[in-house]
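Please read this report alongside the sequence and the structure shown below. It begins with how far the model can be trusted and then turns to the fold, the surface and the charged pairs.

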Amino acid sequence: MRAAPQEEAERGGAVGGAGPGAAMGEAGAALQGYNAALLEGLAELRARRDELSERIREEEAERGRLQARLGALSQRLARTNESLAGHLAARSELDRSIAETEAAYGKILESSQTLLDVLKGEIGNASKASEPKSTSKQKEKQTSGQKHS
């Protein structure tokens, strides 16, 4: 197992065949590389977080708009349901009135037909009563006229 570059530099060992100053320089360069990579990673994570924060703000705004719209639509639905219930009740009342009127009209027609039949019968009876009874009266006249002659 090989010692870390800093340990070798402290013991005076050479890293890569170089002296203690070179080892320190390499370790510093490695640390700077790690630091730069860490800072770059952190910057990328922060950028992703900012991007997500913006998406969250947009979606929260959309949710607010949708909730407001949903509330308005719910009120509109309630008003429409009330109106529909009123219209259905009114139509039901009209259906009942129409049925009653049609039934009464049918009774009127039936009564009118009965009245017409009675009237025709009375007209027929009146005609028979007002006709001259020519046969019996004429026979009487003829009979009385022959007796006088």
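## Confidence in the model

In this predicted model, the mean confidence of the protein chain is lowest in helix 1 (residues 5-11), at 48, whereas helix 2 has the highest mean, at 94. Taken over the protein chain, the average pLDDT is 84, and 74% of the residues reach a score of at least 70.

The beginning of the chain calls for particular care in reading: over residues 1-17 the pLDDT stays under 50, and for this stretch the model has 15 contacts beyond four places in sequence.

## The overall fold

The protein chain contains three helices and zero strands, and when its elements are followed from the N terminus on, their order is α-α-α. Helix 2 covers residues 20-130, and the residue pairs described further on, Arg 48 with Glu 44, Glu 62 with Arg 65 and Arg 96 with Glu 100, lie in helix 2.

## What the surface looks like

How much of the protein chain counts as buried? Of its 149 residues, 3% fall into that class. The protein chain exposes about 13,100 Å², and 57% of this area is supplied by carbon and sulfur atoms.

A nonpolar patch on the surface is formed by Leu 39, Leu 42 and Leu 45, which together have about 280 Å² of accessible area. One of these residues, Leu 45, lies in helix 2.

## Salt bridges along helix 2

Side chains of opposite charge can pair when their charged atoms come close. A search of the whole structure finds six salt bridges, and among them is the one between Arg 48 and Glu 44, in which the closest N and O atoms are 2.8 Å apart. Why are Arg 48 and Glu 44 separated by about one helical turn? They are separated in this way because they stand four residues apart in helix 2. Both side chains are partly exposed, since Arg 48 has a relative accessible area of 49% and Glu 44 has one of 43%, and the class of partly exposed residues runs between the 20% and 50% limits.

Another salt bridge joins the side chains of Glu 62 and Arg 65, with a distance of 2.7 Å from N to O. These two residues are three residues apart in helix 2, which is about one turn of the helix, and Glu 62 counts as partly exposed at 34% relative accessibility.

## A small charged network

Further along the chain, the side chains of Arg 96 and Glu 100 meet in a salt bridge of 2.4 Å, again given from N to O. Because Arg 96 and Glu 100 are four residues apart in helix 2, about one helical turn separates them. Arg 96 is partly exposed, with a relative accessible area of 39%, and Glu 100 is also partly exposed, with a value of 46%. This pair does not stand alone, for salt bridges that share partners join Glu 93, Arg 96 and Glu 100 into one network.

Terms used:
Residues numbered from 1 in each chain as written. Predicted model: local features only at pLDDT ≥ 70, side-chain atom pairs only at ≥ 80, totals over all residues. Heavy atoms only, no water. Patch = residues over 30% accessible without salt bridge, like charges linked within 9 Å, V, L, I, M, F, W, Y side chains within 5 Å. Areas by Shrake-Rupley, 256 points an atom, 1.4 Å probe, with all protein chains shown as cover. Salt bridge = Lys/Arg side-chain N within 4 Å of Asp/Glu carboxyl O. Buried < 20%, exposed > 50% of the residue type's maximum accessible area, 1.4 Å probe, protein only. pLDDT = per-residue confidence, 0-100. Contact = heavy atoms within 4.5 Å.
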